[in-house]
Amino acid sequence: METDQQVTVKLFYHDIGQHIMMTFVYAKCSSTDRIELWDSLYYMASDMELPWLVGGDFNVLLHESEKIGGLPVHPPEYEDFAACINSCGLFDQDYKGSPYTWWNRRPNSECIFKRLDRIFLNLPFQNILPSIEVEHLIKTGSDHAPLLMTCEEHNTNFNKLKKVKVEISKWSRDIFGAIFKQIAMLEDIVKIKEQLFEDEPTIENRIVLQKCQSEMKKYLSIEE
């Protein structure tokens, strides 16, 4: 199923021998336009029996606390979103990293932070993969933070693949170790500078953050 605000695919997860559904969302900015998205989720949820993941940019908050700066948030702005998620039997996932996944790239009093991007799972999905973790990565080259979801490993075949991955990673470290080490260090620095900017969004802190992001982009281009 596909609309101009979501794409839904059915996948076969070989590690558990089962089909799963995944819906990728890019919601419109207008609350009126988003009604079409909520309707499509209602429709899919009405007979959804498979494990189901719904994630992406919903362009709306779920709670008033998920915004800093700008105009106050009022419940009518997000109540339809909350009602849709509850009715569809979806559960918001805990996360690591910054609580805000979007910012308007402006400093001082004009700066706005929001949590617009998130991942929801239904109960069958949580049952087959109970140890899912979501991390809000650093915002480099975009006003949105990428979301990284990691899942629990299940069987021997997966563990064999993991061993291969470990060996490949070891080879990569031997060849490109200095670059990877520098990127990892810069990622930590950017996270700290992002947090400082969120706490105090001044022009000075923004310049420091952008310098760190530029330095990391340079090393990422070398890695590629």
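Asn-108 is found in the loop between β7 (102-103) and β8 (113-114), and that loop is a friendly place to start a tour of this predicted model. Phi of Asn-108 is near 55 degrees, a positive value in a residue other than glycine. From here we can step back to the whole protein, then visit its sheet, two threonine and glutamine neighbours, and its aromatic rings.

**The whole protein**

- The protein has five helices and 11 strands.
- It holds 224 residues, and buried residues make up 36% of them.
- Among the contacts with a separation of 6 or more, 65% are between residues 24 or more positions apart.

**Two asparagines with positive phi**

- Asn-108, our starting point, is partly exposed, because its relative accessible area is 37% and the partly exposed class runs between 20% and 50%.
- Asn-59 also has a positive phi, of about 55 degrees, although it is not a glycine.
- You will find Asn-59 in the loop between β3 and β4.
- Is Asn-59 buried or exposed? At 19% relative accessibility Asn-59 counts as buried, because the cut-off for buried is under 20%.

**The open sheet**

- Five strands make up an open sheet, and reading across it gives the order β1-β2-β3-β9-β5.
- The pairing in this sheet is mixed.
- Which strands sit at the edges? They are β1 and β5 (90-92), each of which pairs on one side only.
- From one strand to the next, the twist averages 25 degrees.
- Strand β2 (residues 18-26) pairs with β3 in the parallel sense, over six bridges.
- Along this pairing, Met-21 has Trp-52 in β3 as its bridge partner, and Thr-23 stands opposite Val-54 in β3.
- Strand β3 is largely enclosed by the rest of the structure, because five of its six residues are buried.

**Thr-23 in strand β2**

- Thr-23 lies in strand β2, and with a relative accessible area of 0% Thr-23 is buried.
- How far apart are Thr-23 and Val-54 in sequence and in space? They are 31 residues apart in sequence, yet 4.6 Å apart in space, C-alpha to C-alpha.
- Leaving aside neighbours within four places in sequence, Thr-23 is in contact with several residues, including Gln-6, Val-7, Thr-8, Leu-41 and Met-44.
- The contacts of Thr-23 also include Trp-52, Leu-53, Val-54 and Gly-55.
- The side chain of Thr-23 makes a polar contact of 2.8 Å with the side chain of Thr-8.

**Gln-6 in strand β1**

- Gln-6 lies in strand β1 (residues 6-13), and β1 is one of the edge strands of the sheet.
- Gln-6 counts as buried, because its relative accessibility is 1% and buried means under 20%.
- The side chains of Gln-6 and Thr-8 are joined by a polar contact of 2.7 Å, so Thr-8 has a polar contact with Gln-6 as well as with Thr-23.- Not counting residues up to four places away in sequence, Gln-6 touches Met-1, Thr-23, Phe-24, Val-25, Leu-37, Ser-40 and Met-44.

**Aromatic rings**

- How many aromatic pairs does a search of the whole structure find? The search finds eight.
- One of these pairs is formed by Phe-58 and Phe-120, which meet edge-to-face.
- The ring centres of Phe-58 and Phe-120 are 5.4 Å apart, with 80 degrees between the planes; that angle counts as edge-to-face because it is over 60 degrees.
- Why does the pair of Phe-58 and Phe-120 tie together parts that are 62 residues apart in sequence? Phe-58 lies in the loop between β3 (52-57) and β4 (67-68), while Phe-120 lies in strand β9 (residues 117-122), so the pair ties those parts together.
- Phe-58 and Phe-120 are both buried.
- Trp-38, Phe-58, Phe-81 and Phe-120 form one aromatic cluster.

**Cysteines**

- How many disulfides does the structure hold? The number is zero.
- Cys-29 is exposed, because its relative accessible area is 66% and the exposed class is over 50%.
- Cys-111 is buried, with a relative accessible area of 4%.

Notes. Residues are numbered from 1 along each chain as its sequence is written. This is a predicted model: local features need pLDDT of at least 70, side-chain atom pairs count only at pLDDT 80 or more; totals for chains, interfaces and linings use all residues. Side-chain values use heavy atoms; hydrogens and water are left out. Rings of Phe, Tyr and Trp (its six-membered ring) pair if their centres lie within 6.5 Å; planes under 30 degrees apart count as stacked, over 60 as edge-to-face and the rest as tilted. Helices (H or I, at least four residues) and strands (E, at least two) are DSSP runs, numbered from the N terminus. Buried means under 20% relative accessible area, exposed over 50%, partly exposed in between (1.4 Å probe, protein chains only). A polar contact is a pair of N or O atoms within 3.5 Å; within protein, one must be able to donate a hydrogen and the other to accept it, and residues adjacent in sequence count only if both atoms are side-chain atoms. Contact means heavy atoms within 4.5 Å. Two strands pair if DSSP finds at least two bridges between them. Axes are lines fitted to C-alpha atoms, for helices over the stretch in contact, and angles run from 0 to 180 degrees between N-to-C directions. A disulfide is a pair of cysteine sulfur atoms within 2.5 Å.
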